[in-house]
Structures are given as C-alpha cells and as structure tokens.
Amino acid sequence: MTAAMEFPGKVPAFTIGDRLRKAREMTGLTQSEFGAQTEISRRTIFNYETEATRPRPLILKMWALASGVDSHWLETGHAPSPDGDGACRECAIRDSNPEPAD
C-alpha cells in the first residue's frame with residue numbers, strides 16, 4: 001500500500017472570499033463584468049473576494065443567483081443536502097445523535 005492510499009490527503013478549506021471568487025470565475029466574468037451584471041462596483045467585488053470586507057446576507061444571495069451556485073455553499077462552505085431539504089451533509093452527521101440534548 002502506498003502512502004497516498006494510507007493518507008487520502010488534505011481537504012482545503014475555502015474561505016468565503018475563495019468561494020465568492022470561484023463562483024464569479026465559474027460565470028466566466030471578470031470582476032468588472034460581474035460588477036456590471038450585479039451592480040456591485042469592481043472595487044467592492046475585489047474587497048469581498050480578498051476579505052477586506054464581508055458581504056451582507058443579501059449580497060451573498062444576489063451573488064449566488066448571479067453565479068448559479070448554491071447560496072448555502074456560498075455562505076457556509078458546506079455542500080447542500082442531496083435531499084433538497086436545505087440541510088447540509090455535515091449538519092446531518094453532526095445532528096445524528098438519537099439522544100436528546102439536556
């Protein structure tokens with residue numbers, strides 16, 4: 001067995017800025033073009049993507065709509081539930097304890 005098989009590797013953690021940039025890049029638009037489409041200035045897009053400022057929830061929703069990515073992933077970094085119930089896979093695993101909390 002090789003080391004690669006023993007250790008599947010690290011999973012990179014994407015910051016909100018990374019997710020915003022990746023979502024925009026999936027559209028094939030530059031910051032200026034995305035800004036024209038969303039009516040967000042290029043400088044503000046740059047600030048969001050570099051995490052100089054954090055976007056408000058309304059901006060995150062608009063960004064998700066404009067880029068076609070899931071808003072839950074954009075906000076949290078967690079993939080949405082395949083059941084379409086709005087819960088993330090990690091949440092389901094974490095909350096799977098059958099014992100009620102005190």
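In the predicted model, the side chains of Glu25 and Arg21 form a salt bridge, with an N to O distance of 3.2 Å. Both residues belong to helix 2, where they are 4 residues apart, or about one turn of the helix. Arg21 also forms a salt bridge with Asp18, and here the closest N and O atoms are 3.9 Å apart. This distance falls inside the cut-off of 4 Å used for a salt bridge. Arg21 and Asp18 are 3 residues apart in helix 2, which spans residues 16-27, so that about one helical turn separates them. Asp18, Arg21 and Glu25 are thereby linked in a network of salt bridges. The members of this network are partly exposed: the relative accessible area is 27% for Arg21, 22% for Asp18 and 41% for Glu25. Asp18 counts as partly exposed rather than buried because the limit for burial lies at 20%. In general, side chains of opposite charge can pair when their charged atoms come close.

The structure holds 4 salt bridges. One of them joins the side chains of Lys61 and Glu75, at 3.2 Å from N to O. Lys61 is part of helix 5 (residues 57-67) and Glu75 is part of helix 6 (residues 71-76), so this pair ties together parts that are 14 residues apart in sequence. Lys61 is partly exposed at a relative accessible area of 43%, and Glu75 is likewise partly exposed, with 27% relative accessibility.

Helix 2 also takes part in a contact with helix 4. The axes of helix 2 and helix 4 come within 7 Å and cross at roughly 130°. Helix 2 is therefore oblique to helix 4. On the side of helix 2, the contact is made by Gly17, Asp18, Leu20, Arg21 and Arg24, and on the side of helix 4 by Ile45, Tyr48 and Glu49. By residue class, this contact between helix 2 and helix 4 comprises 3 nonpolar, 1 polar and 4 charged residues. Asp18 and Arg21 thus appear in the contact as well as in the salt-bridge network.

Helix 4 covers residues 42-49, and Ile45, Asn47, Tyr48 and Glu49 in it are buried. The buried residues of helix 4 pack against helix 2, helix 3 (31-38) and helix 5. Glu49, a charged residue of helix 4, has a relative accessible area of 10%. Glu49 is classed as buried because this value is under the 20% limit. Apart from residues up to four places away in sequence, Glu49 touches Gly17, Asp18, Leu20, Arg21, Arg24, Gln31 and Trp63.

The largest nonpolar core consists of 13 residues, and Leu20, Ile40, Tyr48, Trp63 and Leu74 have the most contacts inside it. At least two residues of this core come from each of helix 2, helix 4 and helix 5. Helix 5 gives the most, with 4 residues. Leu20 is in contact with Tyr48, Glu49, Pro55, Leu60, Trp63 and Leu74, neighbours within four places in sequence being left aside. Tyr48, Trp63 and Leu74 are thus both contacts of Leu20 and among the core residues named above. Nonpolar side chains tend to be buried together in soluble globular proteins.

Several loop residues were also examined. Glu39 lies in the loop between helix 3 and helix 4. Although Glu39 is not a glycine, its phi is positive, at about 60°. The relative accessibility of Glu39 is 75%, and the residue counts as exposed. A positive phi is also found at Glu51, just after helix 4, with a value of about 65°. Glu51 is located in the loop between helix 4 and helix 5. At 39% relative accessibility, Glu51 is partly exposed.

Ala13 is placed in the loop between helix 1 (3-6) and helix 2. With a relative accessible area of 72%, Ala13 is exposed. Ala13 and Gly77 are 64 residues apart in sequence, while their C-alpha atoms are 8.2 Å apart in space.

Key
Residues numbered from 1 in each chain as written. Predicted model: local features only at pLDDT ≥ 70, side-chain atom pairs only at ≥ 80, totals over all residues. Heavy atoms only, no water. Buried < 20%, exposed > 50% of the residue type's maximum accessible area, 1.4 Å probe, protein only. Contact = heavy atoms within 4.5 Å. Axes fitted to C-alpha atoms, helices over the stretch in contact; angles between N-to-C directions. Parallel < 35°, antiparallel > 145°, perpendicular 65-115°, else oblique. Core = buried A, V, L, I, M, F, W, Y, C linked by side-chain atoms within 4.5 Å.
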